[in-house]
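This report describes aromatic contacts, pockets and selected local features of one protein structure. The structure is shown first, and the discussion follows.

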Amino acid sequence: MRMNQCFNFHDFRELARKRLPGPIFNYIDGAADDETTYRRNTAAFEECDLLPSVLSGVEQVDLSVTVMGQKLAVPFYCSPTALQRLFHYDGERAVAAASASYGTMFGVSSLGTVSLEELRKKHSSPQVYQFYFHKDRGLNRAMMQRAKEAGVNVMMLTVDSITGGNRERDLRTGFSIPFRLTFSGMFQFAIKPMWGINYITHERFKLPQLDAHVDMSGGALSIGRYFTEMLDPSMNWNDVAEMVKLWSGQFCLKGIMSVADAKRAVDIGCTGIVLSNHGGRQLDGSRAAFDQLAEIVDAVGDRIDVMMDGGVQRGTHILKALSLGAKAVGLGRYYLFPLAAGGQAAVERALGLLRAEIERDMRLMGCTRVGQLSRDNLRFR
Ligand SMILES: Cc1cc2nc3c(=O)[nH]c(=O)nc-3n(C[C@H](O)[C@H](O)[C@H](O)COP(=O)(O)O)c2cc1C
C-alpha cells in the first residue's frame, strides 16, 4: 500500500504498521491496562446518530472556529504528542508544517524532539506548548518564561499524567528512551532496516524542550525516570493557580474530566479545558471524553472554552462533538500514523481528507457554519 492509496485513519494505521519497527508502532497504538478506554473513545461516537436538515442552501461552508482566542480555519487541531522524531525523521517539523498549511493549531510537547522556538519562528499558525509540572518550581518558571519569549500562543498543562500509565505493550517490547529492547523487540527493529537507515542518517534524536534544563543527553536520564524523579506528584490547584497567574495569557488544562474540576479550572482563571483521557494511555476504565462532554459543556461552557480529544477517526466524530458544544477537537493518532507512514505529505493528506469529510458532512447536515450545529442535530439511541 502507498500513501496515495490511504483514504482514512485505518489505511494510514496499516501503512504505519508496515513502516515502523513493532515497538514504535505499539508505542503509538497502545494504551493502558486492557485498553478498554482506548476502544471506548471511538465507540462512544457510534452511540448517537446525526439528524440532518435538508434544503437549507449549503453552497458556501465555513469551517472556521475561534478557540482560546485563536482563529482556526478548521475545527480540529494537532494535539501535542511526544517523541515524533522516532516516528519519522522530520518529526514535529512535518506536523507543524501540515497544521500550518490547513490553518490550524499544533501542539509541541515537553517531550517534543524539535525546539518550540524553531517551530514558532517558522510558522505563524497558533502554537500550543504542552507542559508538565516539575518539582523544581524555578525550572517551571524558567520553562514558562522561555515559552513566553518564543511567542507561544497557548499554554497547555497536562493534568492526567501525575504518574505514568501501565502500557503493557511497551513492557513487552522493552520500549523506553533510551531504548532497552527485549530480544524480540530487537528482532522487530532488525526486520525494518529502512527505519534504522533513516534514523541514523538524519539529525540526532534530541529533546530540546528539556535538554536546556535537564541532562537527558546520552541516556543520562530516561523518560521513565524523568516522570518519576522530576515531575511533582504533589501538584495541586494552588500550584496551578500560580502558574496561570504567572502566564497571564491563554492557559488550558488538558485531562479534565469532572464537572467539579472544570469549575475549579474556571475559578483559577483558565481560558480552556480539554476533556481527555490521554488517548486511553493513562487511567484505563476512565470515561470517554465524548461521553462526558455534554455534562461539562452544560456546567461551564458559557465561561470557558471546552475542547475534547480521544478516538477521533472521522469527520462525523468531530461534527458530533461540535454538536454537543465542543469548541474544537484534538487529534492524536489520527495524524501520528500518517506521520509514520509518510512524513509531512502524509499528514497533509490525512488532514485534507478530514477537512473534506467535514465540509461534505456539514453540507449533508444542512449547515454552513460550525455555530449552526446543535444538540438538535443529535439523537442518542
Ligand atoms: C504516541 C503518543 C504520545 C503522546 N504524547 C503526549 C504528550 O507528550 N503530552 C500530552 O499531553 N499528551 C500526549 N499524548 C496524548 C495526545 O495529546 C491526545 O490526548 C491523544 O492522543 C488523543 O487520543 P487519540 O490518539 O485517540 O486521538 C500522546 C498520545 C500518543 C498516541
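A search of the whole structure, which is a predicted model, finds eleven aromatic pairs. One of them joins Phe-45 and Phe-290 in a tilted arrangement, with 4.7 Å from centre to centre and 40° between the planes. Phe-45 lies in the loop between helix 3 (36–43) and strand 1 (48–50), whereas Phe-290 belongs to helix 14 (residues 289–300), so the pair ties together parts that are 245 residues apart in sequence. Both Phe-45 and Phe-290 are buried.

Phe-189 and Trp-195 form another pair; their ring centres lie 5.2 Å apart and their planes meet at 80°, so the arrangement is edge-to-face. Phe-189 and Trp-195 are likewise buried. In addition, Phe-9, Phe-25 and Phe-337 form one aromatic cluster.

Charged side chains also meet aromatic rings. The charged end of Lys-148 sits over the ring of Trp-247, at 4.1 Å from the ring centre. The charged end of Arg-281 takes up such a position over the ring of Tyr-27, at 4.8 Å from its centre. Tyr-27 and Arg-281 appear again in the account of the pockets, among the residues nearest the centre of the largest pocket.

**Pockets**

The largest pocket holds about 1100 Å³ of space. Its lining comprises 49 residues, and Tyr-27, Arg-167, Asp-170, His-278 and Arg-281 are those nearest the centre. At least two lining residues come from each of helix 2 (22–29), helix 3, helix 7 (168–173), helix 11 (223–230), strand 11 (328–331) and helix 16 (333–365). Helix 11 makes the greatest contribution to this lining, with four residues.

The second largest pocket has a volume of about 440 Å³. It is lined by 20 residues, and Val-159, Asp-160, Ile-162, Gly-255 and Asp-261 lie nearest its centre. Helix 12 (237–247) and strand 8 (250–256) are the elements that give two or more residues to this lining. Strand 8 gives the most, with three residues.

The table sets out the lining of each pocket by residue class.

| Pocket | Nonpolar | Polar | Charged |
|---|---|---|---|
| Largest pocket | 19 residues | 24 residues | six residues |
| Second largest pocket | nine residues | nine residues | two residues |

**Local features**

Gln-209 is located in helix 10 (residues 208–211). With 0% relative accessibility, Gln-209 counts as buried. Its side chain reaches the backbone oxygen of Val-114 at 3.0 Å.

Two residues of the loop between helix 2 and helix 3 call for comment on their backbone angles, namely Asp-33 and Glu-35. Most residues other than glycine have a negative phi. Asp-33, however, has a positive phi near 45°. Glu-35, which is not a glycine either, has a positive phi of about 60°.

Are these two residues buried or exposed? Asp-33 has a relative accessible area of 35% and is therefore partly exposed. Glu-35 has a relative accessible area of 12%, and because the limit for a buried residue is under 20%, Glu-35 is classed as buried.

Methods
Residues are numbered from 1 along each chain as its sequence is written. This is a predicted model: local features need pLDDT of at least 70, side-chain atom pairs count only at pLDDT 80 or more; totals for chains, interfaces and linings use all residues. Side-chain values use heavy atoms; hydrogens and water are left out. Rings of Phe, Tyr and Trp (its six-membered ring) pair if their centres lie within 6.5 Å; planes under 30 degrees apart count as stacked, over 60 as edge-to-face and the rest as tilted. Buried means under 20% relative accessible area, exposed over 50%, partly exposed in between (1.4 Å probe, protein chains only). A charge sits over a ring if NZ of Lys or CZ of Arg is within 6 Å of the ring centre and within 35 degrees of the ring normal. On a 1 Å grid over the protein atoms alone, a cavity is a set of points where a 1.4 Å probe fits but cannot get out, and a pocket is an open set with protein on both sides within 12 Å along at least five of seven lines; lining residues have an atom within 4 Å of a point. Grid points are joined across faces, edges and corners, and a volume is the space filled by probe spheres set on the points. Ala, Val, Leu, Ile, Met, Phe, Trp, Tyr, Cys and Pro count as nonpolar, Asp, Glu, Lys and Arg as charged, and the others, Gly among them, as polar. A polar contact is a pair of N or O atoms within 3.5 Å; within protein, one must be able to donate a hydrogen and the other to accept it, and residues adjacent in sequence count only if both atoms are side-chain atoms.
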